[in-house]
Every structure is written in structure tokens, then in C-alpha cells.
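I opened the file to look up strand pairing, helix burial and empty space. My notes follow.

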Amino acid sequence: METDRCVVLATERYGSSESWKYCAGDAVLERRRDEREGESRGNIIVRSFKSVFLPQGYPESVSEDYVHYQFWDTVQAFCSSLSGTLATQASLKGVGVGNQEATVAAATVTWLLRDGTGMLGRILFAWQKGSKLDSEAKKWRLFADVLNDIAMFMEISAPYFPAGFTLIVCTAGVFKSLVGVAGGATRAALTVHQARRDNMADISAKDGSQETLVNLAGLLISLLLIPLVTDNPILTLSLFFFFTILHLFANYKAVRAVVMDTFNEARLSIVLQQYLRDKQILCPLEANQREPVLLEFRKTMPIQLGVRLQEVVQSPAELNLALKENNLPYLLGVRNGCVHVCLRPEASVHDEIRAMCQAVWLSSVLSPLTSRDHPKQKSNWEMVHESHKLMDTIFNPFLTGVEAAGWDITRTLLDWDEWRVEWKTKSN
């Protein structure tokens, strides 16, 4: 017993996983594991698993929603791997594998056309929607997985329509290229959210290791499935629909698990509308639970941020109206059924949030549904001036409240375009 007693000179801990202590020995320091943490075989296996598949410093180095998201992301990746096996088998059958009458040249041309159309689709989609993928990462993440399932269903169905096989697989190739852009870009956005120590590279690398492990498990299961589904279209489709339903459910749960603490248009609108109703500030968890994750048709007036001046005003008189009761570094206007906001170069993040709050309020009160319930009696410019007065009253306490509730107001995920305008104010 005497040898177990020691004078502890120092302790050290590796993250939250291991704890050691240094004791005074005979002219040396003795390093011992904390007795509260047994050195069992199970602990060794768990630590080894964490070091291989989880980011260094887990769980302190990642966001609180990391495990919940990664669990459902793993489930969806496993289902997608099995569905992909069924789709690949169908594609190979369609290009002539196993058919003595099929030629290598015809199969090669079909494959090249599929890849070529997919490359063009990738470029066009990134051009048109690339800037939207940061601000609406959840929606586009779910959209990518739904589109991926549609593409795989087309590949499975293609062999049963020989006349349109090339057209079907080329269309599926375009869809899969869109999936690659949307899925990869939104995963990068989620990685930025998960990284709490600027460790995006480590999180991305470990996510790749997790996905590789899942795909390996899917490969092993696929080896058992292939002999069963060969020349059995009913079983193939039955298994595909089963995996697809599970895949979509897991994806929905995954994006619902993400709790982002930065404002995009949807989350800011939810928090602001709640504050205007009862002065209550929603925390990030509450707002994220209410945030829509499906792409939907707008029910309110659309908002465009960072536009050119001519989209807000088109005459000196309108410029004077935009500047009335406004000494802030942004201008708002309502034109062609849309709220437009243009920004000065020196505008801060807080200015951007305030401008968006005004735009959200204008969008809600001027939307077609609201207009039917409350016939408009004021002009658009009068509503803009009213929005300035409203923000003068509520914005500072609102901003203080959201910061206290846990929101990050040092940056936003609002979809600002790059136009910046300098105008002459009345003072100069």
C-alpha cells in the first residue's frame, strides 16, 4: 500500500480521454494513469477507434451536433452505397455486359456521353447556384441526396427501355454531377460549422475515413446481394425502394440534427418574427428546429441583397425618398414585387443584419397573403420609411438579445451579391 501512495506534483490530460499524474519518486518523476480510469481492453479499443475515425481533440474540437449528424450521415451513406451497387449493375447490363451482341465501341460511346453531359451539368450548376450553397446548406444537402436517388432509379430503369437507354443514363449523369457539386459544397459548409478550432482539414479527413469504412461495409453486403438480384428485377426494385426510403429518412434526420449559430435568411426571419410577436429571442436550437429544409415555393415577397442602385431607385426623386429618415450605409426599395437592398462599401456585419431585418419585415407585410388579409393603404416608400422607424426602436435590443441567446453576430450566411454603391447624402 505504501508504494501506491505518492505526492502528486503534476497532472496532465489528453483532451477529455486520458488523465495521468506525476509523482515524486527516488530522484525521478513517476508517471501513472489516473486510478479512476481503468486500463481495460475496452478502453484501449475505444481510444484507438476515436484516434482513427474522430477529429483530434474530440469532443471539444467539434460542434455539439457533430455526433448526431455523423450518425445519420453514416446511415445514409451506407444505404446510398447499397443503392449505388444496384444502379451500377443495371448500368453495366444496359451497356451490354453479358450480351454477346453488344460492341465495345457502343458501350464506350454511351459511357463517354454520360460522363460528358455530367461534366457540362457540373459547370452550369456551379455557375448558377454556387453562391446559394453556403446560405442554404441544409436545403441543398437534402436536395442533392433526393436527386441522387432519382438518378439511381433512372439507371436501374434504363435497361428496360433500350431505345432511350443513352438519353436516360445521360440525364442520370447530369443529375449525379449536380449531386457532386451540391453535396461536396454543402459538406464543406457543414465542416466549417463543425470546426471549433479551425480544424476543417482534420474533420474533413476523418469524415473521409468514416465514409470509406461505411463504403467498405456496403461493399461486403453488396457481394452478398448481387447473386440474389441478378436477373430478378422485382427484388432489385424492392431492395432499391427500401434502401431509398431509409436513405431519405436518414438524410432528413441528419440535416435536422445540424444546429447552426449564424444567421441565414430563414433563421433570421424566424427569430425576428418571433421577437416581433412576443419579444422572445429564440436560441439557435429552437430556430434551427423551425427552419425549413426542403426547397419550396416562396410564400413571401423575395429579397435580393447587394444589388445595383438602379434596382432600388430609378430617379433623383426616388433616391431622396430612399434617403429619407435614413443615414445608414444601405438603401432599401420595393420594385417589381421584390425587396431590393444595396450596400455601401463600409457597411459592417451589424449593418447587414439590420438591413436584412428591415427587408424581412417589408417582405412579410407586403407579401400577397398579408396584402389580401390587410388591404394596402400605404405606398411602398411609406412602408420603407416605417421600417426605418421600427428598426430604430427594436434593433439594438434585438441584437443584444440574439447575442446573449448564443447567436454568432460576427459573421452571417446571408446571400449578399457583390455590388457596392456610394451615394451622396444630404450632409455632404
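Which residue in β2 is the bridge partner of A10? I looked it up: the partner is Y22. I keep in mind that this is a predicted model.

**Entry 1: β1, β2 and β3**

I started with β2, residues 18-24. Five of its seven residues are buried, so I call the strand mostly covered, taking buried as under 20% relative accessible area. On one hand β2 pairs with β1, residues 8-14. I count six bridges there, in the antiparallel sense. β2 also pairs with β3, residues 29-33, again antiparallel, over five bridges. In that second pairing I find K21 opposite R32 of β3.

I then checked the link between β2 and β3. The two strands form a hairpin, with four residues between them. A27 sits in the turn and has a positive phi of about 65°.

General note to self: strands of a sheet pair through backbone hydrogen bonds, either parallel or antiparallel.

**Entry 2: the open sheet**

Next I traced the sheet that contains β4, β5 and β6. In what order do its three strands lie? I read β4-β6-β5, an open sheet with mixed pairing. β4 (303-305) and β5 are the edge strands, each pairing on one side only. From one strand to the next, the twist averages 15°.

I looked closer at β4 and β6. β6 covers residues 338-343 and runs parallel to β4, with three bridges joining them. Q304 has H340 of β6 as its bridge partner.

A helix also comes in here. α12, residues 349-365, lies across β4, β5 and β6. I note an angle of about 20° between α12 and β5.

**Entry 3: helix α11**

Which residues of α11 are buried? In this helix, residues 316-323, I find E318, A322 and L323. Seen down the axis of α11, these buried residues fall within an arc of 140°, so they line one face of the helix. The general rule helps me: an α-helix has 3.6 residues a turn, so residues three or four places apart point the same way.

I turned to the other side. P316 and A317 are exposed, on the face of α11 turned away from its buried side. The cover over the buried residues includes β5 (330-335) and α14 (380-404). Just after α11, I noted E325 with a positive phi of about 60°.

**Entry 4: empty space**

How many cavities of 30 Å³ or more does the structure hold? I get one. The largest cavity has about 30 Å³ of space. Its lining includes D134, S135, M260, R267 and E291. α4 (132-135) and α5 (137-157) are the elements that give two or more residues to this lining. α5 has the largest share, three residues.

I moved on to the second largest pocket. About 560 Å³ of space lies in it. It is lined by 25 residues, and the closest to its centre are Q76, S80, R141, D145 and E211.

Which helix gives the most to this pocket's lining? I find α2, with eight residues. α2 (66-94), α5, α6 (165-194) and α7 (200-229) each supply at least two residues. I log that α5 turns up in the lining of the largest cavity and in that of the second largest pocket.

Terms used: Residues are numbered from 1 along each chain as its sequence is written. This is a predicted model: local features need pLDDT of at least 70, side-chain atom pairs count only at pLDDT 80 or more; totals for chains, interfaces and linings use all residues. Side-chain values use heavy atoms; hydrogens and water are left out. Buried means under 20% relative accessible area, exposed over 50%, partly exposed in between (1.4 Å probe, protein chains only). The arc is that of the directions from the helix axis to the C-beta atoms. Contact means heavy atoms within 4.5 Å. Two strands pair if DSSP finds at least two bridges between them. Axes are lines fitted to C-alpha atoms, for helices over the stretch in contact, and angles run from 0 to 180 degrees between N-to-C directions. On a 1 Å grid over the protein atoms alone, a cavity is a set of points where a 1.4 Å probe fits but cannot get out, and a pocket is an open set with protein on both sides within 12 Å along at least five of seven lines; lining residues have an atom within 4 Å of a point. Grid points are joined across faces, edges and corners, and a volume is the space filled by probe spheres set on the points.
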